Amino acid sequence: ENLRSRRFPMMLPKCRVLLLSSAILAQAIPAASAFSAGVRPWSPAPRLAPSGGLRLRGAGNVVGDAPMGARMMASSLTPEAPTAMLVLLYTYVPDILEKRGPHRAGHLAGAKTHEDSGKLVAAGAYANPTDGALFLFKGMAKADIETFVKSDPYVVNGLVTSWEIKEWTAVVGTGAF
C-alpha cells in the first residue's frame with residue numbers, strides 16, 4: 001500500500017472504494033467476486049440446450065447462477081421443445097345458440113371425458129360471432145378424435161355443418177400443456 005500510495009497517490013481512495021464495493025457485491029452476487037479472480041462473470045449469452053430449447057449460459061468460466069430477473073425473463077421468452085397436437089375445428093349452424101340447449105349437456109360430457117383423461121387440453125366456441133369451435137388434443141390419435149366427432153350430439157343433431165382435424169405444432173408456451 002505504501003508503494004502504491006507513493007507512486008499513485010490519487011488512485012488509493014478509488015482502489016479502496018472498488019475493493020469495498022467488490023466485497024459487498026460478492027456477498028450479494030456470487031459472480032461479483034469473479035472480477036478479482038480474473039474469471040468472467042455470468043453473461044446472458046444464449047445457447048441451445050440439449051432439449052432443443054434455448055437457455056442462458058455464462059461466458060467463459062461461470063461463477064454463480066444467472067440473476068433471478070434474468071432467469072424469469074429467459075423462461076418467459078425462450079422457445080421450448082415443440083409439442084405435436086391435433087386441432088379439431090367445428091363450423092356451427094348460424095343459430096347455434098338457440099338450437100344447442102337440448103344437446104349441450106351431452107356435448108360437454110363427451111368433451112369432459114377426454115379432458116379428464118388428459119387428452120383434451122382446451123376447447124371452446126368462438127365468440128362474436130359464435131360460428132364454430134376449436135378443440136386442442138394432445139396425445140390422442142386422429143382416429144379417436146374422429147370417433148369422438150361422430151358421437152358428439154352437436155354433430156349427430158346437425159348443429160355442426162363441417163369439421164376438420166389438423167396437425168398443429170406448439171413451439172412457445174408448451175409448458176402450459
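I take two strands as paired when DSSP finds at least two bridges between them. I am working from a predicted model.

**Entry 1: the chain as a whole**

I counted elements before anything else. The chain holds eight helices and six strands. I then read their order from the N terminus: α-α-α-β-β-α-β-α-α-β-β-α-α-β. Next I looked up burial. Of the 177 residues, 24% are buried, with the limit set at under 20% relative accessible area. The exposed surface comes to about 11800 Å². Carbon and sulfur atoms make up 60% of that area. I also checked how far apart contacting residues lie in sequence. Among contacts with a separation of 6 or more, 62% join residues 24 or more positions apart.

**Entry 2: the sheet**

Which strands form the open sheet, and in what order? I traced four strands, ordered β4-β5-β3-β6, with antiparallel pairing. β4 (120-125) and β6 are the edges, each pairing on one side only. From one strand to the next, the twist averages 15°.

I went through the pairs in turn. β4 and β5 share five bridges and are antiparallel. I noted Ala123 opposite Phe135 of β5. β3 and β5 are joined by six bridges, again antiparallel. There I found Leu89 bridged to Leu134 in β5. For β3 and β6 I recorded 10 bridges, in the antiparallel sense. Leu86 has Glu167 of β6 as its bridge partner.

**Entry 3: β3**

How many of the 10 residues of β3 are buried? I got seven, so β3 is largely enclosed by the rest of the structure. In the sheet order, β3 sits between β5 and β6.

**Entry 4: helices on the sheet**

I looked up which strands two of the helices cross. α6 lies across β3, β4 and β5. Its angle to β4 is about 155°. α7 lies across β3, β5 and β6. I noted about 25° for α7 against β3.

**Entry 5: α7 in detail**

Which residues of α7 (142-151) are buried? I listed Ile145, Phe148 and Val149. Viewed down the axis of α7, these fall within an arc of 100°, so they line one face of the helix. On the other side I found Thr147 and Lys150 exposed.

I then asked what the buried face packs against. The buried residues of α7 contact β3 (83-92), α6 (101-116), β5 (132-137), α8 (153-156) and β6 (160-170). Three of these partners, β3, β5 and β6, are the strands that α7 lies across.

**Entry 6: the core**

I turned to the largest nonpolar core. It has 19 residues. Those with the most contacts inside it are Leu88, Tyr90, Tyr92, Phe135, Phe137, Ile145 and Phe148. β3, β5, α7 and β6 each supply at least two residues. Which element gives the most to this core? I found that β3 does, with four residues.

I cross-checked names against my earlier entries. Ile145 and Phe148 are on my list of buried α7 residues. Phe135, in β5, is the residue opposite Ala123.

**Entry 7: what I take from this**

β3 is the strand I kept returning to. Seven of its 10 residues are buried. β3 pairs with β6 over 10 bridges and with β5 over six. α7 lies across β3, and so does α6.

Note on methods
Residues numbered from 1 in each chain as written. Predicted model: local features only at pLDDT ≥ 70, side-chain atom pairs only at ≥ 80, totals over all residues. Heavy atoms only, no water. Buried < 20%, exposed > 50% of the residue type's maximum accessible area, 1.4 Å probe, protein only. Contact = heavy atoms within 4.5 Å. Areas by Shrake-Rupley, 256 points an atom, 1.4 Å probe, with all protein chains shown as cover. Arc of directions from axis to C-beta. Core = buried A, V, L, I, M, F, W, Y, C linked by side-chain atoms within 4.5 Å. Axes fitted to C-alpha atoms, helices over the stretch in contact; angles between N-to-C directions.
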